[in-house]
Amino acid sequence: MIRSYAEFWEFYVEEHSKPLTRLLHLIGTVLSSALLVRLIVAGTWYYFPLCLLIGYGFAWTGHFFVERNRPATFKYPLWSLISDYKMVIYMLTGRMNAEAERILAQKLGFSRSR
């Protein structure tokens with residue numbers, strides 16, 4: 001059982017260990033967020049389910065066909081949503097690969113020396 005967000009983040013990164021999975025998340029999150037803004041501005045919020053379809057469609061494709069694991073959303077929906085945006089920010093700022101390497105190396109008992 002995961003008891004803290006810090007612990008969840010490490011689990012989340014492990015579940016997104018492959019760059020293609022992270023890229024699919026990025027695409028889905030950016031597209032669904034842009035669509036959501038567009039729907040709000042246009043006053044057509046009733047199309048909101050399309051945002052979910054796009055966001056989860058890309059993300060779950062990565063989980064089911066690339067990582068071959070079960071999305072954390074099923075068990076930890078809020079932390080997964082927060083972590084998805086955190087991962088996207090890390091990717092857009094060029095920090096996600098290093099974060100994944102750090103966490104995966106830590107799991108395997110390796111440490112990176114600088």
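This section describes the fold, the helix packing and selected residues of a predicted model.

The protein contains five helices and zero strands. From the N terminus the order of elements is α-α-α-α-α. The C-alpha trace spans about 50 × 30 × 25 Å along its principal axes. Of the 114 residues in the protein, 35% are buried. Among contacts with a separation of 6 or more, 68% link residues 24 or more positions apart.

In soluble globular proteins, nonpolar side chains tend to be buried together. In this model the largest nonpolar core has 12 residues. Its members are Ile2, Phe8, Trp9, Tyr12, Val13, Ala72, Tyr76, Met87, Tyr90, Met96, Ala100 and Ile103. Three elements give two or more residues to this core: helix H1 (5–15), helix H4 (77–92) and helix H5 (96–108). H1 gives the most, with four residues. The core member Ala72 was examined further. Beyond its neighbours within four places in sequence, Ala72 is in contact with Phe8, Phe11, Pro77 and Ser80.

Two packed helices are described by the angle between their axes and the distance between the axes. Two such pairs were analysed. In the first pair, the axes of H1 and H5 lie 9 Å apart, at an angle of about 105°. An angle of 65 to 115 degrees counts as roughly perpendicular, and H1 and H5 are therefore roughly perpendicular to each other. H1 contributes Trp9, Glu10, Val13 and Glu14 to the contact. These residues meet Met96, Glu99, Ala100, Ile103, Leu104, Gln106 and Lys107 of H5. By class, this contact comprises six nonpolar, one polar and four charged residues. Trp9, Val13, Met96, Ala100 and Ile103 appear both in the contact of H1 with H5 and in the largest nonpolar core.

The second pair joins helix H2 (residues 19–42) to H4; the two axes come within 10 Å and cross at roughly 105°. H2 is therefore roughly perpendicular to H4. On the H2 side, the contact is made by Arg22, Leu23, His25, Leu26, Thr29 and Ser33. On the H4 side, Asp84, Tyr85, Met87, Val88, Met91 and Leu92 take part. The residues of this contact divide into seven nonpolar, three polar and two charged. Met87 of H4 belongs to this contact and also to the largest nonpolar core.

Thr29 lies in helix H2. Its relative accessible area is 5%, so Thr29 is buried. Apart from neighbours within four places in sequence, Thr29 is in contact with Asp84, Tyr85 and Val88. Asp84, Tyr85 and Val88 are among the H4 residues that make the contact with H2.

His16 is located in the loop between H1 and H2. At 1% relative accessibility, His16 counts as buried. The side chains of His16 and His25 are joined by a polar contact of 3.1 Å. Not counting residues up to four places away in sequence, His16 touches Thr21, Arg22, His25, His63, Glu67 and Met87. Arg22, His25 and Met87 also take part in the contact of H2 with H4.

Arg70 sits in the loop between helix H3 (48–67) and H4. With a relative accessible area of 57%, Arg70 is exposed. The buried state of His16 contrasts with the exposed state of Arg70. Arg70 and Val41 are 29 residues apart in sequence; their C-alpha atoms are 34 Å apart in space.

Key
Residues numbered from 1 in each chain as written. Predicted model: local features only at pLDDT ≥ 70, side-chain atom pairs only at ≥ 80, totals over all residues. Heavy atoms only, no water. Core = buried A, V, L, I, M, F, W, Y, C linked by side-chain atoms within 4.5 Å. Buried < 20%, exposed > 50% of the residue type's maximum accessible area, 1.4 Å probe, protein only. Contact = heavy atoms within 4.5 Å. Axes fitted to C-alpha atoms, helices over the stretch in contact; angles between N-to-C directions. Parallel < 35°, antiparallel > 145°, perpendicular 65-115°, else oblique. Nonpolar A, V, L, I, M, F, W, Y, C, P; charged D, E, K, R; others polar. Polar contact = N/O pair within 3.5 Å; in protein donor to acceptor, adjacent residues only side chain to side chain.
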